[in-house]
Amino acid sequence: MFWYSNKQENINNDTVSTETTADNKQTLKASENIFINGGTFNLNSESDGLNSDKNIVINAGKLVISAGDDGIHAEENLVFNQFSDVCITESNEGLEGKIVT
């Protein structure tokens, strides 16, 4: 399963397990902001596990990511708030963003 959005996404308390396909190398991709507000994500990707052309904000949730390139890639800011649990088991670059906090 591949998930793509061309708008801002707010993800609240979802459970997502996904792997990339031959056509789509990234598992979760958005052209706008991504806000994760809870849930469990098991991502296995040939490229980036989680990718946004803007900002990624992880307020809460558990993410387990295995990626061939970046675990989490934000073109702008990558923000982790107090209730996030992120485990990147494999990647070339674990976290990437202009500013990572």
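Biologist: Does Asn-33 count as buried or exposed?

Modeller: This is a predicted model, and in it Asn-33 sits in the loop between strand 4 and strand 5. Its relative accessibility is 15%. The cut-off for burial is under 20%, so at 15% Asn-33 counts as buried.

Biologist: Which residue does the side chain of Asn-33 join through a polar contact?

Modeller: The loop between strand 4 and strand 5 holds Asn-33. The contact runs from side chain to side chain over 3.1 Å. The partner of Asn-33 is Asn-55.

Biologist: How many strands does the protein chain have?

Modeller: Helices number zero in the protein chain. Read along the sequence, the pattern is β-β-β-β-β-β-β-β-β-β-β. The number of strands is 11.

Biologist: What share of the residues in the protein chain is buried?

Modeller: The protein chain has 101 residues. Its accessible surface comes to about 5,100 Å², and carbon and sulfur atoms hold 42% of that surface. Buried residues make up 41%.

Biologist: Which strand gives the most residues to the largest nonpolar core?

Modeller: Nonpolar side chains tend to be buried together in soluble globular proteins. The largest nonpolar core here has 15 residues, and Ile-36, Leu-50, Ile-56, Ile-58, Leu-63 and Ile-72 touch the most other members. Strand 4, strand 5 (34-45), strand 7 and strand 8 are the elements that give two or more residues to this core. With five residues, the one that gives the most is strand 7.

Biologist: Which residues does Leu-50 touch, leaving out those up to four places away in sequence?

Modeller: Leu-50 is one of the core residues that touch the most other members. Among its contacts are Gly-71 and His-73. The others it touches are Leu-28, Ile-34, Ile-36, Ile-56, Ile-58, Leu-63 and Ile-72.

Biologist: How many residues of strand 8 are buried?

Modeller: Strand 8 covers residues 70-74. Asp-70, which lies in this strand, has a relative accessible area of 2% and is therefore buried. Strand 8 is mostly covered, and of its five residues the number buried is five.

Biologist: Which residue in strand 8 stands opposite Asn-51?

Modeller: Strand 6 and strand 8 run parallel, with three bridges joining them. Within strand 8, the residue opposite Asn-51 is His-73.

Biologist: Which residue in strand 10 stands opposite Ile-72?

Modeller: Strand 8 is also joined to strand 10 by three bridges, and these two strands run parallel. Ile-72 is among the core residues that touch the most other members. In strand 10, the residue opposite Ile-72 is Leu-95.

Biologist: How far apart in space are Asp-70 and Glu-90, C-alpha to C-alpha?

Modeller: In sequence, Asp-70 and Glu-90 are 20 residues apart. Leaving out residues up to four places away in sequence, Asp-70 touches Ser-47, Asp-48, Gly-49, Ser-91, Glu-93, Gly-94 and Glu-96. The C-alpha distance from Asp-70 to Glu-90 is 9.0 Å.

Biologist: Does Ser-66 count as buried or exposed?

Modeller: Ser-66 has its place in strand 7. Not counting residues up to four places away in sequence, it touches Leu-43, Asn-44, Ser-45, Thr-89 and Glu-90. Its relative accessibility is 18%, so Ser-66 counts as buried.

Biologist: Which residue forms a salt bridge with Lys-29?

Modeller: Side chains of opposite charge can pair when their charged atoms come close. The structure holds two salt bridges, and in the one formed by Lys-29 the closest N and O atoms are 2.5 Å apart. Lys-29 is in strand 4 (residues 28-30), and its partner lies 24 residues away, in the loop between strand 6 (50-52) and strand 7 (56-67). That partner is Asp-53.

Biologist: Why does Asp-53 count as partly exposed?

Modeller: Lys-29, with a relative accessible area of 13%, is buried. The partly exposed class lies between 20% and 50%. Asp-53 falls in that class because its relative accessibility is 33%.

Biologist: How many residues apart in sequence are the parts tied together by Glu-76 and Lys-98?

Modeller: The side chains of Glu-76 and Lys-98 meet in a salt bridge of 3.7 Å, N to O. Glu-76 lies in the loop between strand 8 and strand 9 (77-90), and Lys-98 in the loop between strand 10 (93-96) and strand 11 (99-100), so the pair ties together parts whose separation in residues is 22.

Biologist: What relative accessibility does Lys-98 have?

Modeller: Its partner Glu-76 counts as partly exposed, at 31%. Lys-98 counts as exposed, because its relative accessibility is 62%.

Notes:
Residues numbered from 1 in each chain as written. Predicted model: local features only at pLDDT ≥ 70, side-chain atom pairs only at ≥ 80, totals over all residues. Heavy atoms only, no water. Helix = DSSP H or I, 4+ residues; strand = E, 2+ residues; numbered from the N terminus. Buried < 20%, exposed > 50% of the residue type's maximum accessible area, 1.4 Å probe, protein only. Contact = heavy atoms within 4.5 Å. Salt bridge = Lys/Arg side-chain N within 4 Å of Asp/Glu carboxyl O. Areas by Shrake-Rupley, 256 points an atom, 1.4 Å probe, with all protein chains shown as cover. Core = buried A, V, L, I, M, F, W, Y, C linked by side-chain atoms within 4.5 Å. Polar contact = N/O pair within 3.5 Å; in protein donor to acceptor, adjacent residues only side chain to side chain. Pairing = 2+ DSSP bridges.
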